[in-house]
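Please open the model in your viewer and keep the selection panel at hand. The stops below are meant to be taken in order, each with something to select and something to look for.

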Amino acid sequence: MARDRRNARTRALALSVVLLAVGSVALAGSPAPAAGLPRGHDVSSHQKNVDWRKARAKGARFVYVKATESTDYRNPRFGQQYNGAREAGIIRGAYHFALPDRSSGRAQAAYFVRNGGAWSADGWTLPPALDVEYNPYDRKHKCYGLSRARMVGWIRSFSEEVERLTGRRPVIYTTAHWWNTCTGGSGAFAGDHALWVARYGADAGPLPGGWSYWTIWQYDNSGSLPGDQNLFNGSARQLKRFAAGA
Ligand SMILES: *[C@@H]1O[C@H](CO)[C@@H](O)[C@H](O)[C@H]1NC(C)=O
């Protein structure tokens, strides 16, 4: 989900090569929209100014908007996207793209919360999300050069700081392959972190180590809503409750 920053084309290509190499490019096509589950999407500056009324009309009930990356990038479209979604009646939240080789989890969390990653219990704000996945800048170091233990520590430190500043644990966005490779399939987060799993195909497949179910599933990188396509595991009411932290 980091493809909006620099050298977008090069990195998109590199990322596809990595994905192909690990065999996680599933067959194209969306899942038969699992019987009425709330549909959502996620956007970054790549989607530019989104027509939120149109997205709502096409079925968007929730959206994650990219806020930050590392401690030196803010999505220049964040305000339009985050506030526009809310005005159109879409529950929205912010996500941070982790670059764990650049600075501590705590520093990145603080930067994120200062720049859009805040949370409130208004029922319209999803918990802040941490996007931790393949290194888009150096595909040979997909775990950013961190050992599994240090990666787990980095994620823990990010989570602690987000929790301290916002009162919520972050949602963790990842893929099963990245998580199992780079954290060793750590089960340390499943108990108190909702899973947002990325897997393009007809089902969510085997989940990353630790989790027994997904809360959000990113099932395609394109579709009828702007950006990546997602589903929420629950009813519209449960989505509202999830946002409110109830
Ligand atoms: C949806 O969430 C419930 C728990 O709230 C879980 O029992 C169920 O397995 C989940 N479904 C999927 C497809 O992950």
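Begin by selecting helix 4 (residues 105-114) together with helix 5, whose axes come within 7 Å of each other and cross at roughly 35°, the crossing being right-handed. To see what makes the contact, show the side chains of Gly-105, Arg-106, Gln-108, Ala-109, Ala-110, Phe-112 and Val-113 on helix 4, and on helix 5 those of Trp-154, Ser-157, Phe-158, Glu-161, Val-162, Leu-165 and Thr-166. Bear in mind throughout that this is a predicted model.

Now return to the whole chain for orientation. The protein contains seven helices and nine strands, and 52% of its 246 residues are buried. Among the contacts with a separation of 6 or more, 67% are between residues 24 or more positions apart. If you display the accessible surface, it comes to about 10700 Å², with carbon and sulfur atoms accounting for 50% of that area.

Next, select the largest nonpolar core, which has 47 residues; those that touch the most other members are Trp-52, Ile-90, Val-132, Ile-155, Trp-178, Trp-179 and Trp-214. Which helix gives the most to this core? Helix 5, from the opening stop, does so with six residues. A second core, separate from this one, comprises 17 residues, including Phe-62, Tyr-64, Ala-129 and Ala-198.

Within the larger set, centre the view on Ile-90. Beyond its neighbours within four places in sequence, Ile-90 is in contact with Trp-52, Ala-55, Arg-56, Ala-60, Arg-61, Phe-62, Val-63, Ala-85 and Trp-124.

One of those partners, Ala-85, leads to helix 3 (residues 78-87), where Phe-78, Gln-81, Tyr-82, Gly-84 and Ala-85 are buried. Select these buried residues and then add strand 1 (39-43), helix 2 (52-57), strand 2 (60-69) and strand 4 (91-97), the elements against which they pack. Just beyond, helix 3 is followed by Gly-89, which has a positive phi, near 85°.

From strand 2, pick out Tyr-64, which has already appeared in the second core. Is Tyr-64 buried or exposed? Its relative accessibility is 0%, so Tyr-64 counts as buried. Apart from neighbours within four places in sequence, the residues in contact with Tyr-64 are His-41, Asp-42, Val-43, Gly-93, Ala-94, Tyr-95, Leu-126, Pro-127, Ala-129, Val-171, Trp-196 and Ile-216. For a distance to check in the viewer, take the C-alpha atoms of Tyr-64 and Gly-227, which are 163 residues apart along the chain and separated by 9.9 Å.

The last stop is the disulfide, of which the structure holds one: select Cys-143 and Cys-182, whose sulfur atoms are joined at an S to S distance of 2.0 Å. This pair links distant parts of the chain, 39 residues apart, with Cys-143 in the loop between strand 5 (129-131) and helix 5 (148-166), and Cys-182 in helix 6 (residues 176-182). What is the torsion about the S-S bond? For Cys-143 and Cys-182 it is about -75°, and the disulfide is therefore left-handed. Both ends fall under the 20% limit for a buried residue, because Cys-143 has a relative accessible area of 16% and Cys-182 a relative accessibility of 1%.

Key
Residues are numbered from 1 along each chain as its sequence is written. This is a predicted model: local features need pLDDT of at least 70, side-chain atom pairs count only at pLDDT 80 or more; totals for chains, interfaces and linings use all residues. Side-chain values use heavy atoms; hydrogens and water are left out. A disulfide is a pair of cysteine sulfur atoms within 2.5 Å. Helices (H or I, at least four residues) and strands (E, at least two) are DSSP runs, numbered from the N terminus. Buried means under 20% relative accessible area, exposed over 50%, partly exposed in between (1.4 Å probe, protein chains only). Contact means heavy atoms within 4.5 Å. Accessible areas come from the Shrake-Rupley method with a 1.4 Å probe; for residues, only the protein chains shown count as cover. A nonpolar core is a set of buried Ala, Val, Leu, Ile, Met, Phe, Trp, Tyr and Cys residues joined through side-chain atoms within 4.5 Å. Axes are lines fitted to C-alpha atoms, for helices over the stretch in contact, and angles run from 0 to 180 degrees between N-to-C directions. A crossing is left-handed if the near helix is turned anticlockwise from the far one by less than a right angle, and right-handed if clockwise.
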